[in-house]
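User: I would like a close look at the interior of this protein, taking the largest pocket together with the buried residues and nonpolar cores. Please keep it connected, so that I can follow it with the model open.

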Amino acid sequence: MDRRLLCWMLALFCTFSAALTHAGELAPAESDALQKDVRSLLSTFARVDTDAMIARTHPSVKRFAGGDAAYAKAARDAMKTLDDMGVKVISDDVGEPTRTYAAGAEEVCFVPRTTVFTVDAQTVKSLAFMVAIRPVGGTQWRYIDGAAMQAMPELLRQLLPDLQPDVPLPPVRVEQLQVAPRT
């Protein structure tokens, strides 16, 4: 085989394999830091700190909503509606992040979360996940709430069109635990 052809093929292989190397396992320290960051994000919801939630939302969600201002208004309106409904978070638990998946210049993983909350005199347990996205080689994660992704998996593709195909989504489940006592 011609030596130049062999070098060209080797260079091409290295180029393609480099594009896929950012998909894989998080180091234990990265996984711990991501779990801590998701806990912090979830606490912004419990504290009704809408500005902090908006700041940590992935830009694709903001574009999908019509831009930063439209997303900020929608987020504030949604938080007010939840507050008016009397939704109160009792607890949030964050699970182990999944492996990462390639998404163009970004990488994506899923972080399971279990939230127990009360609404309308009922205690509800929600098993869902956060979609965590960061630039390849970066450390700053941005998030998409994955609660609606099981029912509308095409939404994930709209928000992250470069996400590698056939990425398995974590389960989503909601169950009523008990009727909360009226006060």
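Analyst: What follows goes from the pocket to the nonpolar cores and then to two buried residues.

The model is a predicted one, and its largest pocket holds about 1,000 Å³ of space. Of the 37 residues that line this pocket, those closest to its centre are Phe45, Met53, Arg113, Asp145 and Ala147. The lining divides into 30 nonpolar residues, three polar ones and four charged ones. Several elements contribute to it: helix H2 (28-46), H4, helix H5 (68-84), strand E1 (88-94), strand E3 (106-119), E4, strand E5 (142-145) and helix H6 (153-159) each supply at least two lining residues. The largest share, six residues, comes from H5.

Turning to the nonpolar cores, the largest has 20 residues, and those with the most contacts inside it are Val108, Phe110, Val131, Ile144, Leu160 and Leu163. H5, strand E2 (101-103), E3, E4 and H6 each supply at least two residues of this core, while a second, separate core of twelve residues includes Leu41, Val94, Val111 and Trp141. Valine 108 can serve as a point of orientation in the model: leaving aside residues up to four places away in sequence, valine 108 touches Arg99, Thr100, Tyr101, Ala103, Val131, Ala132, Ile133, Leu160 and Leu163.

Serine 60, in helix H4 (residues 59-64), touches Ile144, Leu159 and Leu160, again not counting residues up to four places away in sequence. Two of these partners, Ile144 and Leu160, are among the residues with the most contacts inside the largest core. Serine 60 counts as buried because its relative accessible area is 5%, where the cut-off for buried is under 20%.

Arginine 134 lies in strand E4 (residues 122-135), and with a relative accessible area of 6% this charged residue is also buried. Its side chain makes polar contacts with two glutamate side chains, that of glutamate 30 at 2.8 Å and that of glutamate 107 at 2.6 Å. Beyond four places in sequence, the residues that arginine 134 touches are Leu26, Glu30, Glu106, Glu107, Thr139, Gln140 and Trp141. Among them is Trp141, which is included in the second core.

Technical notes
Residues are numbered from 1 along each chain as its sequence is written. This is a predicted model: local features need pLDDT of at least 70, side-chain atom pairs count only at pLDDT 80 or more; totals for chains, interfaces and linings use all residues. Side-chain values use heavy atoms; hydrogens and water are left out. Helices (H or I, at least four residues) and strands (E, at least two) are DSSP runs, numbered from the N terminus. Buried means under 20% relative accessible area, exposed over 50%, partly exposed in between (1.4 Å probe, protein chains only). Contact means heavy atoms within 4.5 Å. A polar contact is a pair of N or O atoms within 3.5 Å; within protein, one must be able to donate a hydrogen and the other to accept it, and residues adjacent in sequence count only if both atoms are side-chain atoms. On a 1 Å grid over the protein atoms alone, a cavity is a set of points where a 1.4 Å probe fits but cannot get out, and a pocket is an open set with protein on both sides within 12 Å along at least five of seven lines; lining residues have an atom within 4 Å of a point. Grid points are joined across faces, edges and corners, and a volume is the space filled by probe spheres set on the points. A nonpolar core is a set of buried Ala, Val, Leu, Ile, Met, Phe, Trp, Tyr and Cys residues joined through side-chain atoms within 4.5 Å.
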